[in-house]
Structures are given as C-alpha cells and as structure tokens.
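Please look at the chain below before reading on. This briefing goes from the whole chain down to single residues.

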Amino acid sequence: MSVHRWKGRYVKKNVKEMLLKRSEMAKELAKNKREKQKLKEVENASSYPVKGIRLIDLEYLSESMYCSKCTEKLFVQDIENETITGAASKFHVRCHKCSIHSGLGQTKIDQLFTVMGLPKFNVHIFKDHERIIAPVIELVAKESCEEATALERTITEENVDSLKNLL
Ligand SMILES: [Zn+2]
C-alpha cells in the first residue's frame, strides 16, 4: 500500500481522492459565487442606486430637498447613495447645478428621529461622513474662488480706461 498525504496527514488513497474531489468542488463553488457576485455588482451599478421601500415624512422630505450650497431644488432621481442607520436613511444627493453633495444635517435628522420616536444616531457616524466630504467641498470652494478672481481680473483689465476716468 502506497502512502498518501493530505495537508500533513497520512491518508488512504481513496480518502485522498475523495478529499481532492471535495476540494475541487469547493473551489468551483467559490468561483461560481464570485462570478454571481460580480454579475450582481454590474446589475446594481447600472440601475438606480437606492431601491426599496422607506418610511418617509413627505412634508419633511420636500422641505429638505434643497442644495445646502446653492439652494437649488434637489430631485429624488439625483440620490446617489444612502446611509442606513436603524430604520432611518440618509440620502446623499448630488446637486445637478453645483454638483455638491447635500444631505440632511444631524440636527434635522435628530428632530426627525424625535418625531418618529427613534433613538438618535451616533454623532461619530455624522462626523466620519463629514470628514469624507469636507475635502471635496474645500476643493470646489477653492476652484470657485479662483474662477471668481480670474473673472474679476479679466473684467478689470477690459475696463481699465473707464476705471481711470472714474478715479
Ligand atoms: Zn447646488
């Protein structure tokens, strides 16, 4: 009888064959699972990002759906992401006018939770997301300031003669 080894153990030939077959089946199952997961990700990426049923106060939602930067009205179709905490959802909406994410502030969410009789969510969750978005807002604000400065310079240069007459 020849000696067979399987993961450091001595096993009979038929046991090793069975273990090998089982290992190959497990690898095949894992591969299928990965492929299914990839397909699911592709499906999700190509469709609406937020799905399902939510418990929503429509009056509150309609009052809150404005961009915090430019006060442009936001649309439900512009919701790009969602943070779910318990029974509450925080929608991340990209403003179609200034392309800045907007959302409900923690104070507003706390007020909503109080009305709904839900516990307040952890302040760290809000802060974590603020830290993610703050650099983007800073970048957009900086670019906006630079554009405004360049525009002011151009207008001043174009009207330098009339400005001299005024002074
Ligand atoms: Zn905006």
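Helices and strands here are DSSP runs, at least four residues for a helix and at least two for a strand, numbered from the N terminus. With that in hand, Lys7 can be placed: Lys7 sits in the loop between strand E1 (4-6) and strand E2 (9-11). Keep in mind that the model is predicted. The chain has a mean pLDDT of 83, and its elements include five helices and five strands.

**Confidence**

- A pLDDT of at least 70 is reached by 92% of the residues.
- Helix H2 (residues 58-64) has the highest confidence, at 89.
- Strand E5 (residues 101-102) has the lowest, with a mean of 53.
- Where pLDDT is low, predicted coordinates should not be read in detail.

**Overall layout**

- In what order do the elements of the chain run from the N terminus? The order is β-β-α-α-β-β-β-α-α-α.
- The domain assignment splits out domain 1 (4-46) and domain 2 (58-158).
- The centres of domain 1 and domain 2, taken over C-alpha atoms, are 45 Å apart.
- The C-alpha trace spans about 110 × 50 × 30 Å along the principal axes of the chain.
- The radius of gyration of the chain is 29 Å, whereas a compact globule of 167 residues would have one near 15 Å.
- Only 6% of the 167 residues count as buried.
- Take the contacts between residues at least 6 apart in sequence: 43% of them join residues at least 24 apart.

**The E3-E4 hairpin**

- Strand E3 (residues 79-85) pairs with strand E4 (residues 88-94).
- The pairing is antiparallel and runs over six bridges.
- Which residue in E4 is the bridge partner of Ile84? The partner is Ser89.
- Asn81 is another residue to find, standing opposite His92 in E4.
- Two residues lie between E3 and E4 in this hairpin.
- Gly86 is in the turn and has a positive phi of about 60 degrees.

**Positive phi outside glycine**

- Most residues other than glycine have a negative phi.
- Lys7 is not a glycine, yet its phi is positive, at about 50 degrees.
- Is Lys7 buried or exposed? Lys7 is exposed, because 7 other C-beta atoms lie within 10 Å and the cut-off for exposed is 12 or fewer.
- Thr71 is also not a glycine, and its phi is positive, near 60 degrees.
- Thr71 belongs to the loop between H2 and E3.
- Thr71 has 11 C-beta neighbours inside 10 Å, so Thr71 counts as exposed.

**Exposed residues and distances**

- Leu58 is part of helix H2.
- Leu58 has 7 other C-beta atoms within 10 Å and is therefore exposed.
- Leu58 and Leu163 are 105 residues apart in sequence, and their C-alpha atoms are 53 Å apart in space.
- Tyr48 is located in the loop between helix H1 (13-46) and H2.
- Tyr48 counts as exposed because it has 9 C-beta neighbours inside 10 Å.
- How many Å lie between Tyr48 and Asp78 in space, C-alpha to C-alpha? The distance is 9.7 Å, although Tyr48 and Asp78 are 30 residues apart in sequence.
- Phe75 lies in the loop between H2 and E3.
- Why is Phe75 exposed? Phe75 has 12 other C-beta atoms within 10 Å, and a residue with 12 or fewer is exposed.
- Phe75 and Gly86 are 11 residues apart along the chain, and 24 Å separate their C-alpha atoms.

Definitions and conventions
Residues are numbered from 1 along each chain as its sequence is written. This is a predicted model: local features need pLDDT of at least 70, side-chain atom pairs count only at pLDDT 80 or more; totals for chains, interfaces and linings use all residues. Two strands pair if DSSP finds at least two bridges between them. pLDDT is the predictor's confidence in each residue, from 0 to 100. Domain bounds come from an automatic or database domain assignment. The radius of gyration is taken over C-alpha atoms; the globule rule is 2.2 Å times the number of residues to the power 0.38. A residue is buried if 20 or more other C-beta atoms lie within 10 Å of its own, exposed if 12 or fewer, and partly exposed in between; C-beta atoms are placed from the backbone. Two residues are in contact if their C-beta atoms, placed from the backbone, lie within 7 Å.
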